Amino acid sequence: MAMDRTIEKKSRPLWQWLVALLVIGALVWFGYRTVSDASIRTARVPLNQLIIGNVQMGTLEDVVSVRGTVQPLNSVFLDAVNGGVVERIFAEEGAFVEAGQPLLQLSNTSLRLDVARNDTAITEQLNNLTNIANGLETTQLNTEREIINLEYRIITLERQMRRQQELVNDRLISQEDFDAIVDELEYQHLMLANTRARQRLEDRIREDRQLQIAQQIEKLEENLSLSQSSFESLLVRAPITGQLTSLPIQIGESKSNGERLGQIDVVNQYKIAAQVDEFYVSRVAPGQEARFSLSGNNYGVLIDKVYPEITSGLFTIDLIFPSAVPENLRRGQTLQLELVLGSPQETLLLPVGSFVQETGGNWVFVLDESGEIAHRREISVGRRNNRFIEVRGGLTAGERVITSGYGAIADADRVQLTQ
């Protein structure tokens, strides 16, 4: 009997192991993709509802488009210095007026009575001060006359003393009579010295009082002029030459103190008031240029003033014409301007779109090579104008980006583009 022969089990070929490994790897990859896709927030949006922009190298003109309104360069408002009832109107809205021309007449009975009382009181005070000044002058004259009398008396006594000195020597008059004359002369000298000292004191006092009186008279005259002018202010006159653009007044209408009566604008002198997005507030300064077209001609204006207040995301600037103002410019006219913020620069550009409002330019949806999937990606941006935004990082030239609004897809991590 033949002996049993051991049959050796043949090992699988290497190619079968490779096939098995590939199948297992495919299953693992498919499972991972399935789990990963399930965890990624995906939004499906029809392609025709999106706007796609290409990232490209180009020259960024550092300008921003703003809308401005033509306004008068200088305006003067008419206010009622003193209130009253409108009696007469001498000019109509839109009329050209000259400086000093009467515009309207107000009446105010109470003011008229107050002015009359003030005039009487001030006039009385002026008369009192004048009388005081006249009294000082009279005192000065009296003192001078007193000094003259004393000097004359001294001269007379000195002459008499010289004559009587000889008579005393000849014993023709008594010594007592002579001594009386000497005493009288000495007394008059003392009175003269005292009177001159008093004159010097009176002069100092008179100078101080005259200075005070002059100042008081000046103030009273100013008050009198102010009182009279307050009455005269009831006749409202044009303070400048220009166009009376506003005068909403009716005869018989009552106006209170300080109430606005109208407005006069300087003719043919204009400025442009424009509002700029607050994004550019740190880059706008007086002296920068803006350009606009009007009736086929190009014009330039310069920023004159930047107002720091920001309202609803906008701040206001005033622009003036460095040379002649265009003849066909009109008050209230709207202009589209390009505000120059810097010199042109070669850089990576992304078309501006509505996505900037949702993301602030911090992230975008970038399409893959197939053009069917867009992934969320963080980017860094810089300057912008009305057409492009500067890309400083996160994108490369040739990539495509969704630039339309992200309102419906802002919470997604990936966008599936459908037909």
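This is a dialogue on reading strands, cores, salt bridges and backbone angles in a predicted model.

Student: I would like to begin with the strands, so which strands does β22 pair with, and in what sense?

Tutor: Strand β22, residues 388-393, pairs with strand β18, residues 345-351, in the antiparallel sense over 3 bridges. Strand β21, residues 380-384, is also joined to β22 by 3 bridges, and these two strands run antiparallel as well.

Student: Which residues could I pick out to find these pairings, and how many residues lie between β21 and β22?

Tutor: On the β18 side, look for L349, whose bridge partner in β22 is E390. On the β21 side, look for V381, whose bridge partner in β22 is V391. Strands β21 and β22 form a hairpin, with 3 residues between them.

Student: What is the strand order in the open sheet of 4 strands, and which are its edge strands?

Tutor: The order is β9-β8-β6-β11, with antiparallel pairing. The edge strands are β9 (235-237) and β11 (254-255), each of which pairs on one side only. Strand β6, residues 84-89, pairs with β11 in the antiparallel sense over 2 bridges, and within that pairing V85 has S254 as its bridge partner.

Student: Turning to the interior, how many residues does the largest nonpolar core have, and which of them have the most contacts inside it?

Tutor: The largest nonpolar core has 25 residues, and those with the most contacts inside it are L350, V364, F365, L395 and Y406. Elements that each supply at least two residues of this core include β1 (42-46), β18, α4 (355-359), β22 and β24 (414-418). Strand β19 gives the most to this core, with 5 residues.

Student: If I centre my view on F365, which residues does F365 touch?

Tutor: Leaving aside residues up to four places away in sequence, the residues that F365 touches include A374, H375 and R376, and also R400, V401, I402, Y406 and V415. A second, separate core has 23 residues, among them I272, A274, A290 and L329.

Student: Which residues make a nonpolar patch on the surface, and where is V19 placed?

Tutor: A nonpolar surface patch of about 270 Å² is made by V19, V23 and L27. V19 has its place in helix α1, residues 14-39, and is partly exposed, with a relative accessible area of 42%.

Student: What is the general idea behind a salt bridge, and how many are found in the whole structure?

Tutor: Side chains of opposite charge can pair when their charged atoms come close. A search of the whole structure finds 15 salt bridges. In one of them, the side chains of E146 and R198 meet at 2.9 Å, N to O. Because E146 lies in helix α2 (residues 109-169) and R198 lies in helix α3 (residues 175-232), the pair ties together parts that are 52 residues apart in sequence. E146 counts as partly exposed at 30% relative accessibility, and R198 is partly exposed with a relative accessible area of 30%.

Student: How far apart are the closest N and O atoms of R206 and D203, and are these two residues buried or partly exposed?

Tutor: The closest N and O atoms in the salt bridge of R206 with D203 are 2.4 Å apart. The two residues are 3 residues apart in helix α3, so they are separated by about one helical turn. R206 is buried, with a relative accessible area of 8%, whereas D203 is partly exposed, with a relative accessible area of 22%.

Student: Which residue does E253 meet in a salt bridge, and which residues form a network through shared partners?

Tutor: The side chains of E253 and K255 meet in a salt bridge at 3.0 Å, N to O; E253 is partly exposed, with a relative accessible area of 26%, while K255 is buried, with a relative accessible area of 7%. Salt bridges that share partners join E146, R198 and E202 into one network.

Student: Finally, what sign does phi have in most residues other than glycine?

Tutor: Most residues other than glycine have a negative phi. In this model, S295 has a positive phi, near 55°. S295 lies in the loop between β14 (289-294) and β15 (297-311), and is exposed, with a relative accessible area of 59%. Phi of S312 is positive and near 55°; S312 lies in the loop between β15 and β16 (314-320), and counts as exposed at 73% relative accessibility.

Notes. Residues numbered from 1 in each chain as written. Predicted model: local features only at pLDDT ≥ 70, side-chain atom pairs only at ≥ 80, totals over all residues. Heavy atoms only, no water. Pairing = 2+ DSSP bridges. Core = buried A, V, L, I, M, F, W, Y, C linked by side-chain atoms within 4.5 Å. Buried < 20%, exposed > 50% of the residue type's maximum accessible area, 1.4 Å probe, protein only. Contact = heavy atoms within 4.5 Å. Patch = residues over 30% accessible without salt bridge, like charges linked within 9 Å, V, L, I, M, F, W, Y side chains within 5 Å. Areas by Shrake-Rupley, 256 points an atom, 1.4 Å probe, with all protein chains shown as cover. Salt bridge = Lys/Arg side-chain N within 4 Å of Asp/Glu carboxyl O.
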